[in-house]
Amino acid sequence: MFGGSNNGVRDVDLGSLAQGIARLKRELGAVILAHNYQPPEVQDVADFVGDSLELSLKVSEVSAKVVVFCGVDFMAEQASAINEGVTVLHPEPDSKCPMAGMISVEDVRRARRIFPKVPVVIYVNSPAAVKAEADYIVTSANAAEVVKAVESDVVVFGPDRHLAEYIAKETGKVVVPVPPYGHCPVHVRFNPDEVRVLKSVYGSCTFIAHPECPESIRVLADFIGSTSQMVKFVRSCQSRCILVGTEVGIVYRMMKENPDKLFIPASTSAVCADMKKITLDKVYRSLRDRVHRVEVPKEVARRVRLAVENTFRVLGREPPWSRR
Ligand code: 13P
Ligand code: SF4
């Protein structure tokens with residue numbers, strides 16, 4: 001059925017692909033995880049849709065030996081690093097977060113030389129080799145909580161300088177951004193003047209924003225949180241009109257879960273091209289050919305796990321693998 005030219009999966013309709021994916025998933029006992037920014041048809045075949053934190057922990061919760069990770073490279077790498085023995089497949093290895101490419105191992109080592117004894121907190125949106133250098137690894141869902149809990153008034157944080165600024169505001173601590181220019185090219189596309197105009201046009205709209213947005217946008221927000229924290233917020237919020245200050249892909253899930261509410265992207269150009277490189281035919285091929293297997297060097301994975309355990313410890317929690 002899916003044989004033939006171009007690996008045989010270009011010309012079939014999405015419904016047949018979804019059926020083929022469901023069959024292969026059953027045969028392999030695989031689980032499909034998708035980030036909140038994934039295209040609608042990919043979200044629809046996923047067993048679980050979530051933010052970076054939820055997805056990385058989900059792998060430990062589900063007992064599957066094969067996980068197809070629909071998100072950008074660092075997310076699949078993180079899932080592989082903290083889940084020894086699980087085969088993590090990434091349908092499109094070229095789906096890479098540009099912000100993660102803005103920090104290097106040398107950046108972190110230089111910061112340690114300049115600020116000895118200052119804890120290094122690394123955002124999950126980084127290569128595994130960089131996270132292996134960290135004392136703590138955080139996501140947008142827990143960054144401020146972790147930094148608050150760390151016993152130091154100063155931390156080094158990278159690579160997102162806007163998230164660094166947000167953490168400093170939330171915690172009252174000094175947060176040194178490494179590198180000084182790290183940012184998400186999608187979240188810097190919002191324009192405060194446009195947001196102000198949209199807010200006045202739509203009157204009673206509630207504006208929600210991701211902490212990767214620059215401060216000029218965050219100050220206009222009624223709620224700031226990770227992608228899943230935003231999803232949760234809109235479910236319970238009284239307002240029927242939501243202005244969305246993050247990647248537009250999240251609007252699909254919000255509309256699906258809240259058909260009685262109106263969702264307006266604060267910028268239609270806030271599209272993460274790398275997130276959209278995962279397509280249904282690539283998910284199908286990933287399961288059919290067991291590609292592309294994510295390999296994190298053993299020593300790097302061990303150090304990433306240590307930093308994650310440290311992060312759980314500072315929050316007074318147990319890492320999920322301690323319950324396995
Ligand atoms: P979340 O962890 O909030 O899902 O964010 C990931 C991300 O890449 C935001 O741009
Ligand atoms: Fe990276 Fe930004 Fe895309 Fe998130 S939205 S994956 S931070 S480029």
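**Group meeting: helices, ligand shells and backbone geometry in a predicted model**

In helix α5, three residues are buried, namely Asp-107, Val-108 and Ala-111. They lie on the same side of α5, because they span an arc of only 95 degrees around the axis. The elements that the buried residues of α5 pack against are β5 (120-123), α6 (128-131) and β7 (154-158). I should state at this point that the model is predicted.

Let me follow the chain out of this helix. Lys-117 is found in the loop between α5 and β5. Its phi is near 75 degrees, a positive value in a residue other than glycine. Is Lys-117 buried or exposed? Lys-117 counts as exposed, because its relative accessibility is 87%.

I turn next to α8, which covers residues 161-171. Its buried residues are His-162, Leu-163, Ala-164, Tyr-166, Ile-167 and Thr-171. Which elements do the buried residues of α8 pack against? They pack against β5, α7 (143-149), β7, β8 (174-177), α10 (215-218) and β10 (223-224). At the N-terminal end, α8 is capped by Asp-160, with a side-chain oxygen 3.0 Å from the backbone nitrogen of His-162. Just after the helix, Gly-172 adopts a positive phi of about 75 degrees.

The next topic is the two ligands. Ligand 1 is surrounded by His-35, Tyr-37, Asp-51, Ser-52, Asn-125, Ser-140, His-187, His-210, Glu-212, Ser-226 and Thr-227. By class, this shell comprises one nonpolar, eight polar and two charged residues. Which side chains place an N or O atom at a listed distance from an oxygen atom of ligand 1? For Ser-52 the distance is 2.7 Å, and for Tyr-37 it is 3.5 Å. In addition, a polar side-chain atom of Asn-125 lies 3.2 Å from an oxygen atom of the ligand. Of the 300 Å² of accessible area that ligand 1 has on its own, the protein covers 96%.

Around ligand 2 we find Tyr-37, Val-72, Cys-97, Pro-98, Met-99, Asn-125, Cys-184, Val-186, Glu-212, Cys-272 and Met-275. The shell of ligand 2 has nine nonpolar, one polar and one charged residues. Tyr-37, Asn-125 and Glu-212 appear in the shells of both ligands.

I come now to His-90, in the loop between β4 (87-89) and α5 (105-114). His-90 counts as buried, because its relative accessibility is 5%, and the cut-off for buried is under 20%. Beyond its sequence neighbours up to four places away, His-90 touches several residues, among them Phe-69, Val-72, Ile-278, Val-291 and His-292.

Those last two residues bring us to the backbone. Val-291 and His-292 are joined by a cis peptide bond, with omega about -10 degrees. His-292 is found in the loop between α13 (280-289) and α14 (298-314). Arg-290 has its place in the loop between α13 and α14 as well, and its phi is near 50 degrees, a positive value in a residue other than glycine. With a relative accessible area of 47%, Arg-290 is partly exposed. The peptide bond from Val-178 to Pro-179 is also cis, with omega near -5 degrees, and Pro-179 is found in the loop between β8 and α9 (192-201).

Finally, Ala-46 lies in the loop between α2 (40-45) and β2 (48-50). Its relative accessible area is 17%, so Ala-46 is buried. Not counting residues up to four places away in sequence, Ala-46 touches Ile-32, Leu-33 and Ala-34.

Notes: Residues numbered from 1 in each chain as written. Chains lettered and ligands numbered in written order. Predicted model: local features only at pLDDT ≥ 70, side-chain atom pairs only at ≥ 80, totals over all residues. Heavy atoms only, no water. Helix = DSSP H or I, 4+ residues; strand = E, 2+ residues; numbered from the N terminus. Buried < 20%, exposed > 50% of the residue type's maximum accessible area, 1.4 Å probe, protein only. Contact = heavy atoms within 4.5 Å. Arc of directions from axis to C-beta. Near = heavy atom within 4 Å. Polar contact = N/O pair within 3.5 Å; in protein donor to acceptor, adjacent residues only side chain to side chain. Areas by Shrake-Rupley, 256 points an atom, 1.4 Å probe, with all protein chains shown as cover. Nonpolar A, V, L, I, M, F, W, Y, C, P; charged D, E, K, R; others polar.
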